[in-house]
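Subject: Structure for you to look at

Hi,

I am handing over a structure that is new to you. Please open it first, then read my notes below.

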Amino acid sequence: MNGFNEERIGRLLRLLSPAPEGWVRAAQELPAARAMLDELVARAEQDAAFRLQLQADLERAVAAAGYEPSPFVVSRLRQLLRTD
Amino acid sequence: MPVEQSDAQLVSRCREGDPEAWNEFVERFSRYVYAICGRGFRLAQHDAEDVFQEVFARAFERLAELRSDDAVRPWLAQLTRRLCIDKLRLLARDNPSEADPDEQAIDDVLGELDEAMTVRAALDKVGDPCREILDRFFCRDESYRTIGEILQMPAGTIASRISRCLEKVRSELDGRDRGSQPS
């Protein structure tokens, strides 16, 4: 006997409400975002003008480079450039 | 009906670079991580979102470091817990009234969430339509009427279906329990 009666099952199920769809989608897109970040960091390392553009206005520079400046990409890129 | 994979099988596929596996990984654990942030640490929604994304970003980057694929759930719980505490400490710098959380209370919530994940796994095993009916009623808080309309079932039958589905989940959990007992 495991002690899971119907009432307890219902109560436990209630604890796991779905996370907002946008959060889940953003997390699922991490592999693609990761690849994008690698490309952007590599370019910033090789291209001084691009690095300056990123420092001046990160979101605009990312968009101008043809990438989607999602909040995750922007915040992660900010961290990476700060620690580089 | 697709066969539900164990956590270890799913992690192994993620490590092999199967893109669909990562989607499933996020789908499987998103509620758990969300609940730890919200129910465990009572983070405001925008703070919870930061932690949620950071948990999955680190999980993606560090999945290869996991010692045992079976241990992914406690590993994620520990990672989420640590990042929630970091977030609370960061918030407390601006607002000293925010204290460190009560560790015992957090342990209790995490214990319950772990049980909830076990129930959730049993529900996945039972499959649809029970999975959808119980998910809509208990997790999404939808009314009998809404569920009936969406699933094209008479609203008057939803309560009895919920009851039968709960019974199926209980049987599934009982079976699991028997299977795990030493003979």
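One cut-off comes first: an angle of 65 to 115 degrees between two axes counts as roughly perpendicular. Keep in mind that this is a predicted model.

Start with one pair of helices, one from each chain. Helix H1 of chain A covers residues 6-15, and its axis comes within 8 Å of the axis of H6(B). The two axes cross at roughly 75°. H1(A) and H6(B) are therefore roughly perpendicular to each other.

Which residues meet there? On the H1(A) side they are Gly10(A), Leu13(A) and Arg14(A). On the H6(B) side they are Leu134(B), Phe138(B) and Cys139(B). By class, this contact has four nonpolar residues, one polar and one charged.

Now the whole interface. Chain B brings 34 residues into contact with 23 residues of chain A. Five elements of chain B each give two or more residues to its side: helix H2 (19-40), helix H3 (45-62), helix H5 (103-126), helix H6 (130-139) and helix H8 (155-180). H2(B) gives the most, with 11 residues. The side of chain B that touches chain A divides into 19 nonpolar, three polar and 12 charged residues.

Last, the layout of chain B. Chain B is divided into domain 1, residues 1-103, and domain 2, residues 127-183. Taken over C-alpha atoms, the centres of these domains of chain B are 26 Å apart.

Best wishes

Note on methods: Residues numbered from 1 in each chain as written. Chains lettered and ligands numbered in written order. Predicted model: local features only at pLDDT ≥ 70, side-chain atom pairs only at ≥ 80, totals over all residues. Contact = placed C-beta atoms within 7 Å. Helix = DSSP H or I, 4+ residues; strand = E, 2+ residues; numbered from the N terminus. Nonpolar A, V, L, I, M, F, W, Y, C, P; charged D, E, K, R; others polar. Domains from an automatic or database assignment. Axes fitted to C-alpha atoms, helices over the stretch in contact; angles between N-to-C directions. Parallel < 35°, antiparallel > 145°, perpendicular 65-115°, else oblique.
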